[in-house]
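Let's take a walk through this one together, stopping at a handful of residues along the way. Keep the viewer open so you can click on each stop as we get there.

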Amino acid sequence: MTELRARPSRRLIVLGSTGSIGVNALEVVDHLHAQGLAELDVVGLAAGANTALLARQAARFGVEHVAVADGGRTSPLDGIDHVYTGSGAAQELVEAIAREGDLLLGAMVGSAGVPATLTAIDRGCDIALANKETLVAAGELVLPRATRKGVHLLPVDSEHSAIAQCLRSGRTVDEVRRLVLTASGGPFRTWEKQRLFSATPEQALRHPTWNMGRKVTIDSASMMNKALEVIEAHWLFDMPASKIEVIVHPQSLVHGFVEFEDGSVAAQLSPPDMRMPIQYALTWPQRLEGCARSMDWTDLRRMEFEPVDDERFPAVRLAYDVIGRGGTAGAVLNAANEAAVTAFLDHRIPFGLIPRLAREALEAIPVRPVERLEDVLEADRLARAFVADHSALAAGSAAASSARR
């Protein structure tokens, strides 16, 4: 990554402000303001449906432009000057206020943030990217546009933030032998395959180390989040799939490794607290006093590492298939997974069908080149339709198989 130009003050737009990342990001902004460390002027906020929290956030930061995807309950926002509603509200907000030099934190869940992020890039905004699905689904659009506009993509995911920090130990990408992303293993790391298949949403949402939103927590339980992160790392760091690996580290203290050609390895360690990588992205290239927890060195008395069990967690291998196929494959995987996770949370399919439906969608839907946003959106639509058509049949087949056993 090239270095971000220094600024005494920046305008900040937060997409997904009421979710876990957005709430933590605004805590970081509060901390920086209180300590007089950096001036970030929050000028726009976008949320899904939590209008009550959105209104409180807007009042706290004096924000006059907000967006809400669910336009049915906007009364808490009555005192705000500019309110954008509907499925395209975030993009409308960005079109209305974004300008060159702004910083946009993309933390919307799933592929919904792609159009707004592309619009922000076109306006010359730097992107603090917490929404891995943006690069998974539309990396072939995002990277060329960002390069053309001179826009910086700053990773917020703890693993990609770790890799970005470790890469500063080398001079060029050519010096890198491999990148290693760590995975906690989620709540099912030690479960047997048969038990894992029938895990409930309540069990899947009990993550042992991280406090995250529902969709991301389910992705962690299936390890689909690692598949998405491998694809994101491919785009962010211009790395071939053959140089990206995943290792399970249940303590979640080491977030990533970079191994260089001379055999030396750089690792980034910190407690599992998202405020650290968020602040690093918002203030980069500076390191300022943070509000995240400091490392308790006694935690290092026990650190475990183990390979990913592809039999129990087949989702991870799908990333390498997607990178090899290119084109719309990433959009298909991302949308199929989103639809399958929703079906699981609604108790319509068992947990084990999430990666299976994603794989079947990849096999069934032809890969097309990505030349414009519409190509991504069409692949997204086809994948969701595939999961909707096949989830009931697959669930019935799984139930019958279980009954025979």
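**A walk through the model**

The side chains of D380 and S111 come together in a polar contact of 2.9 Å. Keep in mind as you look that this is a predicted model. D380 sits in helix 15, which covers residues 373–404. With a relative accessible area of 12%, D380 is buried, because the cut-off for that label is under 20%. Setting aside residues up to four places away in sequence, D380 touches A331 and A335 as well as S111. If you want a feel for distance, jump from D380 to A241: the two are 139 residues apart along the chain, and their C-alpha atoms are separated by 23 Å.

Next, click on H160. Is H160 buried or exposed? Its relative accessibility is 0%, so H160 counts as buried. You'll find H160 in helix 6, residues 158–167. Its side chain has a polar partner too: H160 and E232 are joined through their side chains by a polar contact of 3.4 Å. Leave out the neighbours within four places in sequence, and the residues in contact with H160 are P155, L181, E229, E232, A233, L236 and F237. Look at E229, E232, A233 and L236 in that set of contacts, and then at helix 10, which runs 224–236. A bit of helix geometry is handy here: an α-helix has 3.6 residues a turn, so residues three or four places apart point the same way.

Just past helix 10 there's a backbone oddity. D238 lies in the loop between helix 10 and strand 9 (244–248), and D238 has a positive phi of about 55° even though it isn't a glycine. D238 is exposed, because its relative accessibility is 65% and the line for that label is drawn at over 50%. H347 is another non-glycine with a positive phi, this one about 65°. Look for H347 in the loop between helix 13 (329–345) and helix 14 (353–364). H347 is exposed as well, at a relative accessible area of 54%.

Now follow strand 9 to its other end. H249 is in the loop between strand 9 and strand 10 (254–260). Loop or not, H249 counts as buried, with 1% relative accessibility. What does the side chain of H249 have beside it? A polar atom of that side chain lies 3.1 Å from the backbone nitrogen of L253. The backbone nitrogen of V254 also lies 3.1 Å from a polar atom of the H249 side chain. Beyond its neighbours within four places in sequence, H249 is in contact with T182, A183, S184, V254, M303, E304 and F305.

Helix 11, residues 275–283, is our next stop. How many of its nine residues are buried? Eight of them are, so helix 11 is largely enclosed by the rest of the structure. The buried ones are R275, P277, I278, Q279, Y280, A281, L282 and T283. Carry on along the chain and you reach a cis peptide bond between W284 and P285, with omega about 10°. P285 belongs to the loop between helix 11 and strand 12 (306–307).

If you're wondering about cysteines, there are zero disulfides in the whole structure. Two cysteines are worth a click anyway. C125 is buried, at a relative accessible area of 0%, whereas C291 counts as partly exposed, at 22% relative accessibility.

Finally, let's look for empty space inside. There is one cavity of 30 Å³ or more, and the largest cavity holds about 50 Å³ of space. Its lining is made up of A46, A47, A67, V68, A69, G86, S87, A89, A90 and M108. Strand 2 (39–47), strand 3 (65–68) and helix 3 (89–97) each contribute at least two residues to the lining of the largest cavity. What kinds of residues line it? Eight are nonpolar and two are polar, with no charged residues in the lining.

Technical notes
Residues numbered from 1 in each chain as written. Predicted model: local features only at pLDDT ≥ 70, side-chain atom pairs only at ≥ 80, totals over all residues. Heavy atoms only, no water. Helix = DSSP H or I, 4+ residues; strand = E, 2+ residues; numbered from the N terminus. Buried < 20%, exposed > 50% of the residue type's maximum accessible area, 1.4 Å probe, protein only. Polar contact = N/O pair within 3.5 Å; in protein donor to acceptor, adjacent residues only side chain to side chain. Contact = heavy atoms within 4.5 Å. Disulfide = S-S within 2.5 Å. 1 Å grid on protein atoms, 1.4 Å probe; cavity = no way out; pocket = protein on both sides within 12 Å on 5 of 7 lines; lining within 4 Å. Points joined across faces, edges and corners; volume = space filled by probe spheres on them. Nonpolar A, V, L, I, M, F, W, Y, C, P; charged D, E, K, R; others polar.
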